[in-house]
Amino acid sequence: MKTGHSPRRAKSLTFLSAALLVLFATGCGRQYMVLDPAGPVGREELHLIVMSAILVGIVIIPVLILLFYIVWRYRDKPGNTAPYTPKWSESKGLEVVWWGIPIVIVGVLGAFTAKTTFALTKPPAESADVTPITIQVTSLDWKWLFQYPGQGIATVNYAEIPTGVPIQFELTSDAPMNSFWVPQLGGQEYTMPGMAMRLWLEADKAGTYYGHGANFTGAGFAHMDFNVIATSDSNFEAWVKQVKASSPALTKAGYAQLKEPSVIGTKSYSSFPPGLFNGTIWADGGQYMPNMMNQTGSPLKAGIHTNSTGVGSGDSMSGMSNMTNMSAMSATGTSSSQK
């Protein structure tokens, strides 16, 4: 008996040890970066994750305990004294419990989720006295272009930001739809052709934070990663000056070449064509996140760009209004001609 069971026991212990080793080893990997926030936005989202897990546990844990208890208590065995009630069908008290508790939990979770979601559409409150920085992000095949309208520089596959400063990422795509995600700094936001989305993030300590596209976009998708490098204000200013002094300019021809499907490393540019970000959006339809144009200091207000219909967008919201009026007039004309 002992000889027969020893190999099984050894195999079980080996399997258990391997499973524990894998579990603890992966705990240090990138897949848990979302649980190690490095900024106020990431911390708010972690709080929401923890609260969600606790609320879900309130339901799941008692259900699992009841499952094992019922299976054990009412198992079929000789001499089992559990009551036998084959005609029992319902209990109003139990119905209230197992419907009422989930309803309350969903209501609480929904309220906290809505509150956090709307709060994160604005700059982090703890940095209210700091002037934000805008970075315009364009997802390409298979790379990321970061434009700094306030500093007049651009980078590919990396972005540098000062710590303790809210960063407004304005996001679009000049390729298939993608999703911009820096797990330690905050949640993800979609990048879509013809649209500009907005995402506030902030790093409260220096470091290099991994980012990646979260949507599959073809053969080079696995290479659509980037780094967000958080550093001090002085180091950030020195980096901007260095890029301006030592990097080439991004031209329209250079951008046309950059947007072609390819996998490249990191690049820096001392300047970029005026209105490149807005022109990219208008070339694909020019739709914006609601109220995005009304944000004070938003670079989307600046510059006059013409889309494919010839509608000027110096005041881009006015351009959108003109496009709407033209569409309405066109529809009216079509209706009249049909009559």
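The exchange below goes through a predicted model and asks what lies behind the terms used for it.

Me: What makes up the protein in terms of helices and strands, and how much of the chain is buried?

Reply: The protein has seven helices and 12 strands. Of its 339 residues, 36% are buried, a label that requires a relative accessible area under 20%.

Me: How many aromatic pairs are there, and why is the one between Tyr148 and Trp239 called edge-to-face?

Reply: The count comes to 11 aromatic pairs. For Tyr148 and Trp239 the ring centres are 5.6 Å apart and the planes stand at 65°; since centres must lie within 6.5 Å and planes over 60 degrees apart count as edge-to-face, the pair is edge-to-face. Tyr148 belongs to strand β2 (residues 143-148) and Trp239 to helix α4 (residues 233-246), so the pair ties together parts that are 91 residues apart in sequence. Both Tyr148 and Trp239 are buried.

Me: What makes the pair of Phe180 and Phe226 stacked?

Reply: The centres of Phe180 and Phe226 are 5.0 Å apart, with 10° between the planes, and because planes under 30 degrees apart count as stacked, the pair of Phe180 and Phe226 is stacked. With Phe180 in strand β6 (residues 178-182) and Phe226 in strand β10 (residues 225-231), the pair ties together parts that are 46 residues apart in sequence. Phe180 and Phe226 are both buried, and ring pairs link these two residues with Trp144, Phe146 and Phe169 into a cluster.

Me: How do you know that the charged end of Arg73 sits over a ring, and which residue lies over the face of Trp72?

Reply: The charged end of Arg73 is 6.0 Å from the centre of the ring of Tyr74, and the rule asks for a distance within 6 Å as well as a position within 35 degrees of the ring normal; Arg73 is accordingly described as sitting over the ring of Tyr74. The residue over the face of Trp72 is Arg75, at 3.7 Å from the ring centre.

Me: Why are β4 and β7 called edge strands, and in what order do the strands of their sheet run?

Reply: The sheet is open and consists of five strands in the order β4-β10-β9-β6-β7, with mixed pairing. The edge strands are β4 (158-162) and β7 (186-191), each of which pairs on one side only. From one strand to the next the twist averages 20°.

Me: How do you know that β4 and β10 pair, and which helix packs on the sheet?

Reply: Two strands pair if at least two bridges are found between them, and β4 and β10 have five bridges, in the parallel sense. Ile161 stands opposite Ala230 in β10. The helix that packs on the sheet is α4, which touches β4 and β10 and whose direction makes about 135° with that of β4.

Me: What makes β6 and β7 a pair, and how many residues lie between them?

Reply: The strands β6 and β7 share four bridges in the antiparallel sense, where at least two are needed. They form a hairpin with three residues between them, and the bridge partner of Asn178 is Thr191 in β7.

Me: What is noted about the backbone at Trp142 and at Asn157, and why is Asn157 called buried?

Reply: The peptide bond from Asp141 to Trp142 is cis, with omega near -10°, and Trp142 is placed in the loop between β1 (133-140) and β2. Asn157, in the loop between β3 (153-156) and β4, has phi near 65°, a positive value in a residue other than glycine. The relative accessible area of Asn157 is 6%, and because buried means under 20%, Asn157 is buried.

Me: Why does Gly279 count as partly exposed?

Reply: Gly279, found in helix α6 (residues 276-283), has 28% relative accessibility; buried means under 20% and exposed over 50%, with partly exposed in between, so Gly279 counts as partly exposed. Gly279 and Gly194 are 85 residues apart in sequence and 9.5 Å apart in space, C-alpha to C-alpha.

Me: Where is Phe221 found, and which residues does it touch?

Reply: Phe221 is found in the loop between β9 (207-213) and β10. Not counting residues up to four places away in sequence, the residues that Phe221 touches include Trp142 and His212.

Technical notes:
Residues are numbered from 1 along each chain as its sequence is written. This is a predicted model: local features need pLDDT of at least 70, side-chain atom pairs count only at pLDDT 80 or more; totals for chains, interfaces and linings use all residues. Side-chain values use heavy atoms; hydrogens and water are left out. Helices (H or I, at least four residues) and strands (E, at least two) are DSSP runs, numbered from the N terminus. Buried means under 20% relative accessible area, exposed over 50%, partly exposed in between (1.4 Å probe, protein chains only). Rings of Phe, Tyr and Trp (its six-membered ring) pair if their centres lie within 6.5 Å; planes under 30 degrees apart count as stacked, over 60 as edge-to-face and the rest as tilted. Axes are lines fitted to C-alpha atoms, for helices over the stretch in contact, and angles run from 0 to 180 degrees between N-to-C directions. Contact means heavy atoms within 4.5 Å.
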